[in-house]
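Hi everyone, thanks for making the time. I'd like to walk you through a structure that may be new to you, so have a look at it first.

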Amino acid sequence: MSTRKERVQQEREQRRALAKLSGNPNVTSAPRFAARHPDSYYHSSLSIFERLWVDRYDFFLQKGFRLRPRYRPGWTPSWLESGRMSFRCEDYFRLEDPNILDAECLKDGSLVCLKMLFSRNSKEAQIGTFLSSPEMLKEQWNHSAFILDHLVDPEPDGFEFIVMPLLRRFDDPEFGYVEEVVDFVTQVLEGLVFLHSHHIAHNDLTGANVMMDARPIFPNGWHPASSDRAPDFVTRVTPLPRIYHPVKYYIIDFGIAHHLDPGQSPIVTDLGGRDRDVPELKHNSEYNPFKVDVFTTGNMFYNELWKKYHRLDFLTELIVYAMTEDPDQRPTAEMVLDRWYRIEQSISHLTRHLRLQKKEESFGESIVKDAVAIALQAPSMIMGSLPQGVEVERFWLEVSLLKLANRVLGDPTEITMDDERSGGSTANHSLGPNLALSVRLHGPQYERVVILWTTKDALAARVCLQKVPGGQLLLLCGGLCEVAPHPRTLVFIITFTHWNPNACLENQTGSFLRRLLEGV
C-alpha cells in the first residue's frame with residue numbers, strides 16, 4: 001500500500017499534469033475527451049487522443065495545414081499493403097505527446113507544430129500571443145517559441161490550437177564542443193532575462209521546455225516521427241556541427257507561467273513546475289516564481305550539462321550562484337546573466353574549441369575521439385594565434401575524415417598518446433611543438449594513426465606519400481611535413497593556411513588526393 005505522503009505526491013503530480021494540459025494552474029478535474037464517431041470508424045491502433053486529431057483533419061486542411069497520413073479519416077496501416085516492416089513506415093509511429101502533432105503548411109510546404117490546448121482563452125495562448133507580437137519579435141533576447149497562427153476548434157466548448165515552428169530538443173543531437181555549451185547558456189539566460197523584464201515568470205524552466213531551431217544543422221530537414229531520418233523517412237540524416245552552424249534556442253510551454261502587471265506582488269500559491277529540487281516547492285507555501293525560474297535554470301545547467309560532460313568546470317560558479325538555497329538571498333535573472341558574462345570572458349579561445357568528453361567515456365574512447373576532434377578543430381583552435389587578416393581555409397574533406405576514422409579505427413586494444421617530441425613523427429611548423437599529435441593504435445589493421453597539421457605554405461603531398469610505405473591514405477596536405485616510415489601507418493593531415501585550396505588541387509598531387517578521397 002502506498003503511504004499518505006506518496007498519495008499526496010501522486011495527487012500533486014496529477015494536478016500538475018492537468019494544469020499543463022488545460023493551461024489553467026488551478027484546474028482540479030480532467031477535461032472530457034470524446035471522439036465524434038463510434039469506435040468502428042477508427043483503426044484500432046489509434047488512441048483516444050489520436051482520434052481527436054483525426055476528427056479535425058478536414059478542419060486543419062481548411063486552415064492550410066495537412067496532418068500526416070496516420071491521421072486522415074479512413075486510414076489503414078501502410079505496412080499491411082506494402083509488406084514492409086511496420087517500423088520502417090512513417091505511419092507506424094504514434095504521438096509522443098497527446099496534444100502535440102506536426103503538420104505540413106500548404107502555403108510554403110514547411111513543417112509546423114500544432115499544439116492542442118484543452119481550454120479556451122488559455123494562459124499559454126495569451127502569453128504566447130503577447131510574446132509573438134511584431135514588436136516583441138524584434139527583440140534580440142526574445143527566445144520564446146513564437147506563435148504562427150491561433151485556431152479555435154469549431155466544436156462547441158472545444159479546444160484551441162496554436163501553430164508554432166517545428167523545433168527539436170536542445171540536446172538532440174548532443175553538444176559536441178565547449179563553445180556550443182557557452183552559446184546555449186548565453187541564449188537561455190538572455191531569454192530568461194527578457195521574460196522577467198516583461199513581468200513573465202515561466203515557472204517550469206527545465207530541460208524539457210528548451211528547444212532549438214535545428215535548420216542550420218539539418219539544412220535538408222528531418223522527419224518529425226523519427227528525428228534521425230530525412231523528410232522522406234528513408235534517408236539517414238547527419239547533423240552539421242553547431243560550432244560552425246549556430247542555432248537559436250527557444251523556451252516553450254507557458255501553460256503554468258505567470259504574467260503579472262507592473263507593480264503586482266510576485267508571490268503565488270499554485271503547485272509550481274516539475275523541478276522538485278526547488279527548496280520552496282517542497283512545502284505547500286507561497287513562493288516567488290521569478291526566483292524559482294533562476295533556481296530551475298541553474299539546476300538545468302547542472303543536470304543537463306555539468307553532470308554529463310567534462311571540461312565544463314567554469315559552470316560551477318554560475319550553478320552554485322543560481323541555486324542559492326534561500327530564495328530571499330537568491331540572485332535575480334539579470335544578476336545571474338551579469339555573473340555569466342564575467343565568467344564567459346575568462347574562457348579561452350582554445351578551451352571553447354575543445355571536444356566535450358562524456359563522463360562515462362572510457363580512457364581509450366576519449367583518446368581516439370579527442371584526436372579526431374583536435375585534427376578537425378586545429379584551424380579554429382589556434383585562429384587567435386594567426387596574424388590578423390589571415391583567413392582560415394576549411395576543406396570539404398571534414399566529413400570524409402569522420403567517415404574514415406569511424407571505419408578504420410574500430411576498437412583498438414591498446415592506445416597511447418605521444419606528441420612529436422617522442423620521435424613518432426615530425427612536422428615543421430611555426431606555432432609551437434604541440435601542433436603534431438600521434439595516436440598509436442595496436443590493432444589488427446593499423447599499428448599507428450598519425451594526425452598532423454601545419455601552417456607552412458609549401459605543398460609537400462608527394463613527399464608525404466613517399467614517406468608512408470604504400471601511400472596508404474592521406475586526407476589533406478598543404479604544408480611541409482614528414483612522417484617517419486612505418487609499414488602499417490594511417491595518416492590524417494589537416495592544414496590551415498591562407499593559400500587557395502582550389503589552386504593546390506589543380507596539380508597532379510591534388511588530383512590524386514581528390515580521386516582518393518572520393519572513394520571514401
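Before anything else, a word on terms: when I say helix or strand, I mean a DSSP run, at least four residues for a helix and at least two for a strand, numbered from the N terminus. With that in hand, here is one spot to find: Pro173 sits in the loop between strand E6 (168–169) and helix H7 (178–197). I should also say right away that this is a predicted model.

Why start with that proline? Well, the peptide bond joining Asp172 and Pro173 is cis, with omega at about 10°. As a rule, most peptide bonds are trans, and most residues other than glycine have a negative phi.

That second part of the rule brings us to two more residues. Asp253 isn't a glycine, yet its phi is positive, about 65°. You'll find Asp253 in the loop between strand E9 (248–251) and strand E10 (258–259), and it counts as buried because its relative accessibility is 12%, the cut-off being under 20%. Arg311 also has a positive phi without being a glycine, this time about 70°. Its place is the loop between helix H8 (289–306) and helix H9 (315–322). At 28% relative accessibility, Arg311 is partly exposed.

OK, let's zoom out. The protein has 520 residues, and 50% of them count as buried. Its secondary structure adds up to 16 helices and 16 strands. If you take the contacts between residues at least 6 apart in sequence, 65% of them join residues at least 24 apart. As for the outside, the accessible surface is about 25,400 Å², and carbon and sulfur atoms account for 51% of that.

What about cysteines? Searching the whole structure turns up 0 disulfides. Two cysteines you might click on are Cys89, buried at 4% relative accessibility, and Cys113, also buried, with a relative accessible area of 12%.

Now the part I like, the aromatics. How many aromatic pairs does the whole structure have? The search finds 20. One of them is Trp75 with Trp79, edge-to-face, 6.4 Å centre to centre and with 65° between the planes. Both of those tryptophans are buried. Another is Phe118 with Phe159, again edge-to-face, at 5.2 Å between centres and 80° between planes. Phe118 lies in the loop between strand E3 (111–117) and helix H5 (123–131), and Phe159 in the loop between strand E4 (149–152) and strand E5 (160–165), so this pair ties together parts 41 residues apart in sequence. Phe118 and Phe159 are buried too.

Going back to the tryptophans, ring pairs link Trp75 and Trp79 with Tyr92, Phe93 and Phe233 into a cluster.

Rings can have charges over them as well. The charged end of Arg168 sits over the ring of Trp222, 5.1 Å from the centre. Arg242, meanwhile, lies over the face of Phe175, at 4.3 Å from the ring centre.

One last arginine. Where is Arg88? It's in the loop between helix H4 (78–82) and strand E2 (100–105), and it's partly exposed, at 42% relative accessibility. Arg88 and Val234 are 146 residues apart in sequence, but their C-alpha atoms are 8.2 Å apart in space.

That's my tour, so let's open it up for discussion.

Notes: Residues are numbered from 1 along each chain as its sequence is written. This is a predicted model: local features need pLDDT of at least 70, side-chain atom pairs count only at pLDDT 80 or more; totals for chains, interfaces and linings use all residues. Side-chain values use heavy atoms; hydrogens and water are left out. Buried means under 20% relative accessible area, exposed over 50%, partly exposed in between (1.4 Å probe, protein chains only). Contact means heavy atoms within 4.5 Å. Accessible areas come from the Shrake-Rupley method with a 1.4 Å probe; for residues, only the protein chains shown count as cover. A disulfide is a pair of cysteine sulfur atoms within 2.5 Å. Rings of Phe, Tyr and Trp (its six-membered ring) pair if their centres lie within 6.5 Å; planes under 30 degrees apart count as stacked, over 60 as edge-to-face and the rest as tilted. A charge sits over a ring if NZ of Lys or CZ of Arg is within 6 Å of the ring centre and within 35 degrees of the ring normal.
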